[in-house]
Amino acid sequence: MVNKESKIYIAGHRGMVGSAIRRKLEQEGYRNLIFRTSGELDLRDQGAVRSWFAEQQPDVVIDAAARVGGIMANNEYPWQFLYDNLQIQNNLIAAAHETGVDKFIFLGSSCIYPKHADQPLKEDYLLTGPLEPTNQWYAIAKITGVKMVKALRLQYDRHYVSLMPTNLYGPNDNFDLKTSHVLPAMIRKFHEAKEKGHAAVQLWGTGSPRREFLHVNDVADVVFFALNHEMKYDLYNVGTGKDITIKNLALLIQNIVGHKGEIKWDTSKPDGTPRKLMDVSRMQEAGWRYHIELEEGIRATYQWFQEHQDQIKEVKVEE
Ligand SMILES: NC(=O)c1ccc[n+]([C@@H]2O[C@H](COP(=O)([O-])OP(=O)(O)OC[C@H]3O[C@@H](n4cnc5c(N)ncnc54)[C@H](OP(=O)(O)O)[C@@H]3O)[C@@H](O)[C@H]2O)c1
């Protein structure tokens, strides 16, 4: 079992998810956390990852390192989204297995499920139909990670588990409009439009798709839960089980930000999957449920955005 002295490697500790996990584990009194930035250890480099694991011998690995982005970035950089994510997870999972890591938590996303799967999405719907084309590169990499975790459980009885969170938001999110997801992009657009005297805000698509959102502190909480419980299945959805239309999300954020101008919908831009709602019953049965409601979470995130505007990261995909 994991204890406060266990050597826990958080891969991607500076990212939105990894930093939330780090905060949570530090708060809970875990004293032996280890990290490397991508500059110090490029997780695409198999030799470097192998020798670092051999030297460090972690007990637990949490994989929150990935090439992450919205529709535009996925469309423009299929190679990076496929190759980088495959390399990162292959190297981490294989090195963990080879060095006898007890517990591995693999984080993916709800885009692993087929575009037209029944809603809400159950874990069993994996590989039952074609993927959403705009993020297929990322999704195929993540599906491979899920299967690697499953193969190691089946063949070697490893306590490795895949957690698939829905759309996330919160502190350290990516607010760079070229690569960001819908919720942080809206926060930034409404904020900047308010600053410009309540200028009109243009948003992508029709506003009709429905999406589910989870605060990243709840992901940190579920990771903490998974570290401390025997996880019966290889794969768990993580979400709230509730969704909202993009249009209503825009109105909620507009209200929280205090923008009073017009919203224009650019219907020449893609909507993506019509609906993406997670069935979270498997995780609920395991004993975990989310805590942070959407409005409360967006208010906190907007406050974080205002306090950290100087630290908003510009994300370069081609490196
Ligand atoms: N954001 C979401 O809405 C969302 C939703 C569901 C699931 N997830 C999952 O959560 C995980 C983390 O996402 P995130 O939103 O936290 O992403 P993020 O903020 O972009 O952070 C990703 C982290 O990965 C690290 N990384 C990327 N390429 C690397 C490389 N070649 N070598 C070493 N480290 C590398 C980066 O490290 P450096 O900072 O050191 O460069 C960065 O800290 C992903 O697996 C994603 O699928 C995210």
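How much space lies in the second largest cavity? Here is a short, friendly note to help you find your way around this predicted model.

1. **The second largest cavity.** The answer to the opening question is about 40 Å³ of space. Its lining is made up of Asn 237, Val 238, Gly 239, Thr 240, Val 280, Met 283, Gln 284, Trp 288, Arg 289 and Tyr 290. Strand E10 (235-238) and helix H9 (281-286) are the elements that give two or more residues to this lining. Sorted by class, the lining residues of the second largest cavity are 5 nonpolar, 4 polar and 1 charged.

2. **The largest cavity.** A search of the whole structure turns up 2 cavities of 30 Å³ or more. The largest cavity holds about 60 Å³ of space. Try picking out its lining residues, which include Ser 110, Cys 111, Tyr 113, Pro 114 and Lys 115, along with Glu 132, Asn 135 and Arg 275. By class, the lining of the largest cavity has 4 nonpolar, 4 polar and 4 charged residues.

3. **Who surrounds the ligand.** There are 27 residues around the ligand, and those that come nearest are Val 17, Ser 38, Gly 108, Tyr 138 and Lys 142. The classes in this shell are 13 nonpolar, 9 polar and 5 charged residues.

4. **Polar contacts with the ligand.** Three residues are worth selecting in your viewer. Arg 14 places a polar side-chain atom 3.0 Å from an oxygen atom of the ligand. For Leu 43, a backbone N or O atom lies 2.9 Å from a nitrogen atom of the ligand. Gly 108 has a polar backbone atom 3.4 Å from an oxygen atom of the ligand, and Gly 108 is also one of the residues that come nearest to the ligand.

5. **How the ligand is covered.** On its own, the ligand exposes 890 Å², and the protein buries 87% of that area. Which elements give two or more residues to the shell around the ligand? They are helix H1 (16-27), helix H5 (136-156) and strand E6 (167-169).

6. **An open site to look at last.** The second largest pocket contains about 160 Å³ of space. Lining this pocket are Met 1, Val 2, Ser 6, Asp 59, Val 60, Asp 102, Lys 103, His 159, Leu 227 and Glu 230. By class, the lining of the second largest pocket divides into 4 nonpolar, 2 polar and 4 charged residues.

Notes. Residues numbered from 1 in each chain as written. Predicted model: local features only at pLDDT ≥ 70, side-chain atom pairs only at ≥ 80, totals over all residues. Heavy atoms only, no water. 1 Å grid on protein atoms, 1.4 Å probe; cavity = no way out; pocket = protein on both sides within 12 Å on 5 of 7 lines; lining within 4 Å. Points joined across faces, edges and corners; volume = space filled by probe spheres on them. Nonpolar A, V, L, I, M, F, W, Y, C, P; charged D, E, K, R; others polar. Helix = DSSP H or I, 4+ residues; strand = E, 2+ residues; numbered from the N terminus. Near = heavy atom within 4 Å. Polar contact = N/O pair within 3.5 Å; in protein donor to acceptor, adjacent residues only side chain to side chain. Areas by Shrake-Rupley, 256 points an atom, 1.4 Å probe, with all protein chains shown as cover.
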